[in-house]
Amino acid sequence: DPLTLHSSAKAEGRSDLIASIKLRHCCLLRNQRCVTAYLYDRLLRIRALRWEYGSVLPANVRFHMCAEEVQWFSQYKKSLASFMRSLGGGEGLDITQDMKPPKSLYIEVRCLKDHGEFEIDDGTVILLKKNSQHFLPRWKCEQLIRQGVLEHVMS
Amino acid sequence: MFITDIRKEFYDVVTNQRVALLVAADIDAVCACKILQVLFHCDQVQYTLVPVAGWQDLSTAFLEHKEQFQYFVLLNCGANVDLLEMLQPDDDSVFFICDTHRPVDVVNVYNDSQIKLLIKQDDDLGVPSYDEIFRDDEEDGDSGNESDEGSEPSGKRRRFEEGAVERRIERQRAKREWEGRRREILFDYEQYEYHGTSAAMMLFELAWVLTKDTKDMLWWAVIGLTDQWVHDKITHMKYVTDVATMQRHVSRHNHRNEDEENSLSIDCMRISFEYDLRLTLYQHWSLYESICNSCYTSCHFKLWTLNGQKKLQEFLADMGLPLKQVRQKFHSMDMAIKGNLRDVIEESSNKYGMKDIRVQTFGVHFGFKNRFLASDMVHATAALLESTEKDDSASDNFLKALDSLSRGNLDRLHLGIDLAKKKLMAIQQTVASCICTNLIVSQGPFLYCYLMEGTPDVKLFSKPMALILLCKYLLKAFVHSTRNKRCKLLPLVMAAPKDVEKGSVIVVGIPPESETSDKKNFFGRAFEKAAESTSSRTLHDHFDTSIIELKTEDRSKFLDALITLLS
């Protein structure tokens, strides 16, 4: 505690140490500010992850989060979910869909990497192979577009 | 079977289904694909597009997708082979084939349930009638039974037996005769390979029947037709007839903007019929370079000789075009010169023996600076499709070429034009060096030319379309430069290294050069037979049977077999 250090230095007649105590204290405060800013920035990014990846984070992302951050993420998830449930007159509305205003029901997407099989709503399975193009319902593709597996082709 | 009503039997069937589109790698197919994609977007037909470069790709794509799709649409592939035999599909798979490859395999023609051909029946097909090739073999069973029955000897039986034996012999003789005739008919039918109406045009007609045709689709159909002309797949007569058909559609679309009050903005697309010069890419190059690198002018002037160069200078002087103007980019040429350039060139060309310097084609115009002729687009897209820059795979290139046809992707199109210029210059230089070093040798029934591995730009010619273009230009140049009358009527076989690591070459054969050529190519069957007889290691993967891949070591024995076969 710098105040006790300060007063004890004065008492023992070592007033020449007061400047270094002050300097050290300022450094510690600065470091604390930096660390806090870093942790806060991490939290903001983790929050953005919910919007990008959905409610289940991929394993390689979770690997880089500490336990408290994971807990914070699940609490954020919960509050977002309860907010979404309260919209639309009690029926709930998924606001993480359609981040940009949609122009059409189906879109043309191009597969950028091999992703294997992908199931759509009516049970049919599509093989997502590199460089194949598909014309699919928009809401199914949004997730994969955000992950970079599919690319929206506009012509 | 042939489809008669393309709307009811094809489009209405697939409208509420999911479709797999398997598209071959040529410009006509790419254009047809774009037209079909737009139609599917309109009606929200879910589809998956897979580019296929050869028979192996086609089989792989089919195997991967057969669980998920019942309807397959094949563009520019699949008609000239027994598809059901090759793919072994389940009974409920249905294939819609829109293909220019002829002759159409007889099994595809006569299968009623699984193969639907989006081909016009009057398209010069000459399909043999059903009875000439297929026959219900019930009589065999009877003759078998009779031979079993006649085991107990008795007077009456013996006479009956003799009668039965005679009838059996007669039936067998008739069967052998029929089979002999069948082999002959099939041989004649399948001997020559050629091309029919453009797939893009067929699908444009579908769009027209649905009244969903737009100017973009019309332009793509024109490009598909022009691709067939640039790559010499159809006869001149057919080209002119098809141009007339397209011209009717163009006028129909243009009538909409003739109204003075509602004139279209400059940004809208306008397609016009042009009787333009046969100088490749001249509006995107300088006039001089275009004349030097266009097959027609280069061959007529013989620009690989000094004499030819002199003649060219005379030609330019004759037209009164200063060299400085002619070597500039076309856009920067004097307006006064550009004004009646076509007529001036035509007049002078007639004096120099080039009677058909002008050809019927179409041009598009949108925005202030965007003018393209159909042949410009074909060359640009072909260069993108077969680009050897970077290590892009065939399907990457296919998608790039597909993108370049949309009006929003002009930078890609300009990239394609640059690549096309490089390709044309490479072709001209290779032609010049082949002629000057007498690399074309007559082997008796055909001419032969082999591009060595160290040849500059030889990587460009490992691709089929580029090699075929080189082949055609080379043959034309050879015909113009040789004095040997017999050699002028010979077809040309050309080989170029395809993959140096794997030690393979690509071999193509083209029919002889003549004004009235019917473009029918017999090399497909010839290559097959030659490969069989020498057990050379060949790969007949390309949809055009006259293009094959061969191991370099087997080259000489394959060639010898081919010579013996065709003499």
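Q: In this predicted model, how many residues does each chain bring to the contact between chain B and chain A?
A: In the predicted model, the contact draws on both chains. About 1,800 Å² is buried between chain B and chain A, with 47% of it on carbon and sulfur atoms. The contact takes 21 residues from chain B and, from chain A, 21 residues.

Q: Which residues form a salt bridge between chain B and chain A?
A: Side chains of opposite charge can pair when their charged atoms come close. Between chain B and chain A the count is two salt bridges. In one of the two, the N to O distance is 3.2 Å, and the side chains that meet are those of B:Glu64 and A:Lys129.

Q: Which element of chain B supplies the largest share of the side that touches chain A?
A: Across this interface, 10 residue pairs are in polar contact. On the side of chain B that touches chain A, at least two residues each come from helix H2 (27–43), strand E2 (47–51), helix H3 (55–65) and helix H19 (394–404) of chain B. The largest share, five residues, comes from H19(B).

Q: How do the residues on the side of chain B that touches chain A divide into nonpolar, polar and charged?
A: The residues in question belong to the side of chain B that touches chain A, to which H2(B) and H3(B), among others, each supply at least two. Sorted by type, they are seven nonpolar, 10 polar and four charged.

Q: Which residue of E2(B) is the bridge partner of A:His134?
A: Strands of a sheet pair through backbone hydrogen bonds, either parallel or antiparallel. Strand E4 (residues 133–137) of chain A and E2(B) run antiparallel and are joined by two bridges. In E2(B), the partner of A:His134 is B:Thr48.

Q: What is the order of the open sheet of eight strands?
A: The pairing in this sheet is mixed, and neighbouring strands are turned by 25° against each other on average, direction ignored. Strand E5 (150–152) of chain A and strand E6 (115–117) of chain B are the edge strands, each pairing on one side only. The order is E5(A)-E1(A)-E4(A)-E2(B)-E1(B)-E3(B)-E4(B)-E6(B).

Q: In which sense do strand E1 of chain B and E2(B) pair, parallel or antiparallel?
A: Strand E1 (residues 19–23) of chain B and E2(B) share five bridges. In one bridge, B:Val19 has B:Tyr47 of E2(B) as its partner. The sense of the pairing is parallel.

Q: At about what angle does H2(B) run to E1(B)?
A: H2(B) lies across strands from both chains. From chain A these are strand E1 (106–111) and E4, and from chain B they are E1, E2 and strand E3 (71–75). The angle between H2(B) and E1(B) is about 160°.

Q: Which strands are the edge strands of the open sheet E8-E9-E10 in chain B?
A: This sheet has three strands with antiparallel pairing. Strand E9 (residues 358–366) and E10(B) pair over four bridges, and one bridge links B:His365 to B:Arg371. The edge strands, which each pair on one side only, are strand E8 (270–277) and strand E10 (370–373).

Q: How many residues apart in sequence are the parts that A:Arg42 and A:Glu69 tie together?
A: Over all chains, the whole structure holds 28 salt bridges. In one of them, the side chains of A:Arg42 and A:Glu69 meet at 2.6 Å, N to O. A:Arg42 lies in helix H2 (residues 18–53) of chain A and A:Glu69 in helix H4 (residues 67–86) of chain A, so the parts tied together are apart in sequence by 27 residues.

Terms used: Residues are numbered from 1 along each chain as its sequence is written. Chains are lettered from A and ligands numbered from 1 in the order in which they are written. This is a predicted model: local features need pLDDT of at least 70, side-chain atom pairs count only at pLDDT 80 or more; totals for chains, interfaces and linings use all residues. Side-chain values use heavy atoms; hydrogens and water are left out. Contact means heavy atoms within 4.5 Å. Buried area is the accessible area (1.4 Å probe) that two parts lose on being put together, summed over both. A salt bridge is a side-chain nitrogen of Lys or Arg within 4 Å of a carboxyl oxygen of Asp or Glu. A polar contact is a pair of N or O atoms within 3.5 Å; within protein, one must be able to donate a hydrogen and the other to accept it, and residues adjacent in sequence count only if both atoms are side-chain atoms. Ala, Val, Leu, Ile, Met, Phe, Trp, Tyr, Cys and Pro count as nonpolar, Asp, Glu, Lys and Arg as charged, and the others, Gly among them, as polar. Two strands pair if DSSP finds at least two bridges between them. Axes are lines fitted to C-alpha atoms, for helices over the stretch in contact, and angles run from 0 to 180 degrees between N-to-C directions.
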